[in-house]
Amino acid sequence: MSGSAFNAFKSRVAVAWSPKLYITLVRGLPGTRRLHRRTLEAMRLRRCHRTVEHRTTPSLLGMLTQVKRLVVVETQEMYAARRQAEEDRRAPRPPLVVSHTPPPRGALAAEAAAAAQ
């Protein structure tokens with residue numbers, strides 16, 4: 001992850017209202033105010049890079065404005081797009097097939113003649 005911790009969570013879809021929000025803690029807790037630590041604990045965020053799901057309520061939005069520099073908030077569509085991109089990146093790739101059999105002798109002579117012209 002280069003740059004800020006937010007780079008991993010950049011929006012891949014348009015931001016719209018969502019009934020559920022996915023909140024991820026991206027900054028560490030040491031050095032933060034006790035009020036902010038208690039707010040994150042109330043939202044069940046105890047470790048970095050952990051994501052919790054909450055319903056969108058006015059009280060939750062108030063808590064998010066209080067700790068907005070410590071967390072990243074995603075809608076359902078944003079979360080699904082990010083998870084799909086991670087799965088695509090981690091998917092096994094098809095094997096590389098390398099042929100070790102030498103080409104026929106006539107093919108080499110034809111290639112040499114074509115290169116000479």
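Which residues of α3 are buried? Let us work towards that helix by way of the rest of the fold, keeping in mind that this is a predicted model.

Start with the layout. The protein chain holds 4 helices and 3 strands, and from the N terminus on they follow the order β-α-β-α-β-α-α. Of the 117 residues in the chain, 24% are buried. The chain exposes about 8900 Å², with carbon and sulfur atoms supplying 55% of that area. If you look at contacts between residues at least 6 apart in sequence, 75% of them join residues at least 24 apart.

Now turn to the interior. The largest nonpolar core is built from 12 residues: Leu21, Ile23, Leu25, Leu40, Met43, Leu45, Val52, Leu60, Leu64, Val67, Leu70 and Val71. Two elements, β1 (20-25) and α2 (58-66), each supply at least two residues of this core. The largest share, 3 residues, comes from β1. A good place to zoom in is Leu60, one of the core residues. Leaving aside residues up to four places away in sequence, Leu60 touches Leu21, Ile23, Met43, His54 and Arg55. Of these partners, Leu21, Ile23 and Met43 are themselves listed in the core.

From β1 it is a short step to its pairing partner. Strands β1 and β3 run antiparallel to each other, joined over 5 bridges. To find your way along the pair, look for Thr24, which stands opposite Val72 in β3. Strand β3 covers residues 71-75, and it is mostly covered, with 4 of its 5 residues buried.

That brings us to helix α3, which spans residues 76-90. A quick geometry check is possible here: at 1.5 Å a residue, its 15 residues should span 21 Å, and the C-alpha atoms at its ends are 21 Å apart, which agrees.

We can now return to the opening question. The buried residues of α3 are Met78, Ala81, Arg82 and Glu86. Viewed down the helix axis, they fall within an arc of 135°, so they line one face of α3. The general geometry helps here: an α-helix has 3.6 residues a turn, so residues three or four places apart point the same way. As for what lies over that buried set, the cover includes β1, β2 (51-55) and β3. The strand β1 thus appears in several parts of this tour: it supplies the largest share of the core, pairs with β3, and helps cover the buried residues of α3.

Note on methods: Residues numbered from 1 in each chain as written. Predicted model: local features only at pLDDT ≥ 70, side-chain atom pairs only at ≥ 80, totals over all residues. Heavy atoms only, no water. Buried < 20%, exposed > 50% of the residue type's maximum accessible area, 1.4 Å probe, protein only. Contact = heavy atoms within 4.5 Å. Areas by Shrake-Rupley, 256 points an atom, 1.4 Å probe, with all protein chains shown as cover. Core = buried A, V, L, I, M, F, W, Y, C linked by side-chain atoms within 4.5 Å. Pairing = 2+ DSSP bridges. Expected span 1.5 Å × (residues − 1). Arc of directions from axis to C-beta.
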